[in-house]
Amino acid sequence: WIRDVCAAFNLRSTTLCLAVQLTDAYIISNLSSLQVAQCQLVAIVCTWISAKFEETDDMLPSLKNLGEVCDGAYTADQILTMEEQVLEGFRWRLPHSTCLNFLYLYLHMHGHPSVAR
């Protein structure tokens, strides 16, 4: 589902990887307190946070668009509240490196011609 959301907003593959990583880490660390109904909200928030790291400002989805991609299941206030909870859950120290970042670095260091950033 996160892949489909990233595709709908034309987000980069690095955004997708970071969104999955953040979503997994947050859900795993909150298994005992997180309701199943909140998992999609966590995923959309982690995708938004990831986009803030990886995308240019003009590519960031708006709060309205994020709510729409979830069929209107969440309001802007719910998204913002969950964003704060996720950031606090990570103590504002988000893991930013993903396996894709390391792959790009490795290919760049070895002069692979397919790495163009």
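Q: How far does helix α2 reach from its first C-alpha to its last?
A: This is a predicted model, in which local features need pLDDT of at least 70 and side-chain atom pairs count only at pLDDT 80 or more, while totals for chains, interfaces and linings use all residues. Residues are numbered from 1 along each chain as its sequence is written, and side-chain values use heavy atoms, with hydrogens and water left out. Helices are DSSP runs of H or I with at least four residues, strands are runs of E with at least two, and both are numbered from the N terminus. Helix α2 has 17 residues and a span close to the 24 Å expected at 1.5 Å a residue (1.5 Å times one less than the number of residues), and its reach is 24 Å.

Q: Which pattern does the chain follow when read along the sequence?
A: The chain contains six helices and zero strands. Read from one end of the sequence to the other, the pattern is therefore written with helices alone: α-α-α-α-α-α.

Q: Within what arc do the buried residues of α2 fall?
A: Buried means under 20% relative accessible area, exposed means over 50%, and partly exposed lies in between (1.4 Å probe, protein chains only). In α2 the buried residues are T14, T15, L18, A19, L22, T23 and Y26. An α-helix has 3.6 residues a turn, so residues three or four places apart point the same way. The buried residues of α2 line one face of the helix because, by the directions from the axis to the C-beta atoms, they fall within an arc of 160°.

Q: What arc do the buried residues of α5 cover around the axis?
A: Helix α5 has 14 residues and reaches 20 Å from its first C-alpha to its last, close to the 20 Å expected. Its buried residues are I79, M82, E83, V86 and L87. They are on the same side of α5 because they cover an arc of only 140°.

Q: Which residues form the aromatic pair?
A: Rings of Phe, Tyr and Trp (its six-membered ring) pair if their centres lie within 6.5 Å, with planes under 30 degrees apart counted as stacked, over 60 as edge-to-face and the rest as tilted. By this rule there is one aromatic pair, a tilted one at 6.4 Å centre to centre with 50° between the planes. It links distant parts of the chain, one member lying in helix α2 and the other in the loop between α5 and α6 (99–109), 64 residues apart. Both members are buried, and they are Y26 and F90.

Q: Which residue's ring lies under the charged end of K52?
A: A charge sits over a ring if NZ of Lys or CZ of Arg is within 6 Å of the ring centre and within 35 degrees of the ring normal. The charged end of K52 is 3.8 Å from the ring centre. At 39% relative accessibility, K52 counts as partly exposed. The ring belongs to W48.

Q: With which residue does K52 meet in a salt bridge?
A: A salt bridge is a side-chain nitrogen of Lys or Arg within 4 Å of a carboxyl oxygen of Asp or Glu, and the whole structure holds two. The bridge of K52 has an N to O distance of 2.6 Å. K52 lies in helix α3 and its partner in helix α5, so the pair ties together parts that are 31 residues apart in sequence. The partner, buried at 10% relative accessibility, is E83.

Q: What is the N to O distance in the salt bridge of D4 and R3?
A: D4 is partly exposed, with a relative accessible area of 43%, whereas R3 is exposed at 56%. Their side chains meet at 3.4 Å.

Q: Which cysteine has the sulfur nearest to that of C6?
A: With a disulfide taken as a pair of cysteine sulfur atoms within 2.5 Å, the count comes to zero. C6 is in no disulfide, and the nearest cysteine sulfur is 9.1 Å away. C6 itself is buried, with a relative accessible area of 3%. The nearest sulfur is that of C17.

Q: Is D71 buried or exposed?
A: D71 lies in the loop between α4 (63–69) and α5. It has a positive phi of about 55° although it is not a glycine. At 74% relative accessibility, D71 counts as exposed.
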